[in-house]
Amino acid sequence: MQYEKIVEGIFLNRPNRFISHVLINGKEETVHVKNTGRCRELLIPGVKVILEDCSSNPNRKTKYSLISVWKNDMLINMDSQVPNFVVYNALRENSIDGLTNLTYIKREVSFNNSRFDIYFEDEVKKGFIEVKGVTLENDGISMFPDAPTERGTKHALEMIEAVKQGYRGIIFFLIQMKGPKVFRLNWKMDNKFSEAVRLASEKGVEILAYDSIIDKNSISIGSPIDIELDK
């Protein structure tokens, strides 16, 4: 995933989940935040941020979108629209272990009462992938979610049903940074979601976690990292 034009800024504050105030070239700008999650551990007044310059779009209300933030010396992409795209591209490029040489890939496909991010086929089986972007990190450990997610719990339980019906089911956690060596469920934040994912794993749903290769203007699939599902 490549961003066409980026600028750097200093985060000031976030009056609501959709917008932030950022200092860009000495001027305070109201910018769109491409992540409606809390991100409280990331968006701290004074931190350096990366923004996409969207001023060429006359229909936008804001000139910039906040896409990444520096946490000490680690750059974290927090664009919630990116993980689906990154995993989709990685599948097309045969960059994910155990998911190579697929014969068909399609994004946003419905199953029962859910819409999974990716549907795929190979010569043997059909399957679904639900992608979750991970921006929460603490002492080298990445965690999801950073806020309660009823939708995420629903997806995990629906993926169990897909496996029961003969599909291959995968919940894919894309860590939107390079650095963490372990992925854990955030039981303290959302016990129901964590229970659902652990149950899904027990019922045959595959749980994958990959980090990302991050630059100021790009993000792509990285390498698999260890997964810990228990409390």
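How many of the nine residues of β9 are buried? Select β9 (126-134) in this predicted model and you can check for yourself: seven of the nine are buried, which leaves the strand mostly covered. That makes β9 a good place to start the tour.

**Stop 1: the partners of β9**

Keep β9 on screen and add β8, residues 114-121. These two strands run antiparallel and are joined by four bridges, and a hairpin of four residues leads from β8 to β9. To find the register, pick Ile118, which stands opposite Ile129 in β9.

Now bring in β12, residues 168-175. Here the pairing with β9 is parallel, and it extends over eight bridges. A handy marker is Glu130, whose bridge partner in β12 is Ile171.

**Stop 2: aromatic rings around β9**

Next, show the side chains of Phe, Tyr and Trp. The whole structure holds twelve aromatic pairs. Zoom in on Phe111 and Phe128: their ring centres are 5.3 Å apart and their planes meet at 50°, so this pair is tilted. Phe111 belongs to strand β7 (residues 104-111) and Phe128 to β9, so the contact ties together parts that lie 17 residues apart in sequence. Switch on a surface and look for the two residues: Phe111 is buried at 6% relative accessible area, and Phe128 is buried too, at 3%.

A second pair to select is Phe144 with Phe173. Its geometry is again tilted, with 5.7 Å from centre to centre and 55° between the planes. This pair links distant parts of the chain, since Phe144 sits in strand β11 and Phe173 in β12, 29 residues apart. Both Phe144 and Phe173 are buried.

Before moving on, select Tyr104, Phe111, Phe116, Tyr119, Phe128 and Tyr167 together. Ring pairs link these residues into a cluster, so take a moment to rotate the view around them.

**Stop 3: the largest pocket**

Where does the largest pocket get the largest share of its lining? Back to β9, which supplies five residues. The pocket has a volume of about 690 Å³. It is lined by 28 residues, and the ones closest to its centre are Ser80, Lys132, Gly133, Phe144 and Arg151. Select those five and you will meet Phe144 again, the ring paired with Phe173 at the previous stop.

To see which elements surround the pocket, colour α1 (82-92), β9 (126-134), β11 (141-144) and α2 (150-164); each of them gives at least two residues to the lining. Then colour the lining by class, and you should find nine nonpolar, eleven polar and eight charged residues.

**Stop 4: a four-stranded sheet**

For the last stop, follow β11 away from the pocket and into a sheet. Four strands make up this open sheet, in the order β10-β11-β13-β16, with mixed pairing. Look at its edges: β10 (136-138) and β16 (226-228) each have a single partner strand, so one side of each is without a neighbour in the sheet. Turn the view to look across the strands, and you can follow the twist: neighbours are turned by 30° against each other on average, direction ignored.

Finish with the pairing of β10 and β11, which is antiparallel and spans three bridges. Pick Asn138 and look across to β11: the residue standing opposite is Ile141.

Key: Residues numbered from 1 in each chain as written. Predicted model: local features only at pLDDT ≥ 70, side-chain atom pairs only at ≥ 80, totals over all residues. Heavy atoms only, no water. 1 Å grid on protein atoms, 1.4 Å probe; cavity = no way out; pocket = protein on both sides within 12 Å on 5 of 7 lines; lining within 4 Å. Points joined across faces, edges and corners; volume = space filled by probe spheres on them. Nonpolar A, V, L, I, M, F, W, Y, C, P; charged D, E, K, R; others polar. Pairing = 2+ DSSP bridges. Axes fitted to C-alpha atoms, helices over the stretch in contact; angles between N-to-C directions. Phe/Tyr/Trp six-rings, centres within 6.5 Å; stacked < 30°, edge-to-face > 60°. Buried < 20%, exposed > 50% of the residue type's maximum accessible area, 1.4 Å probe, protein only.
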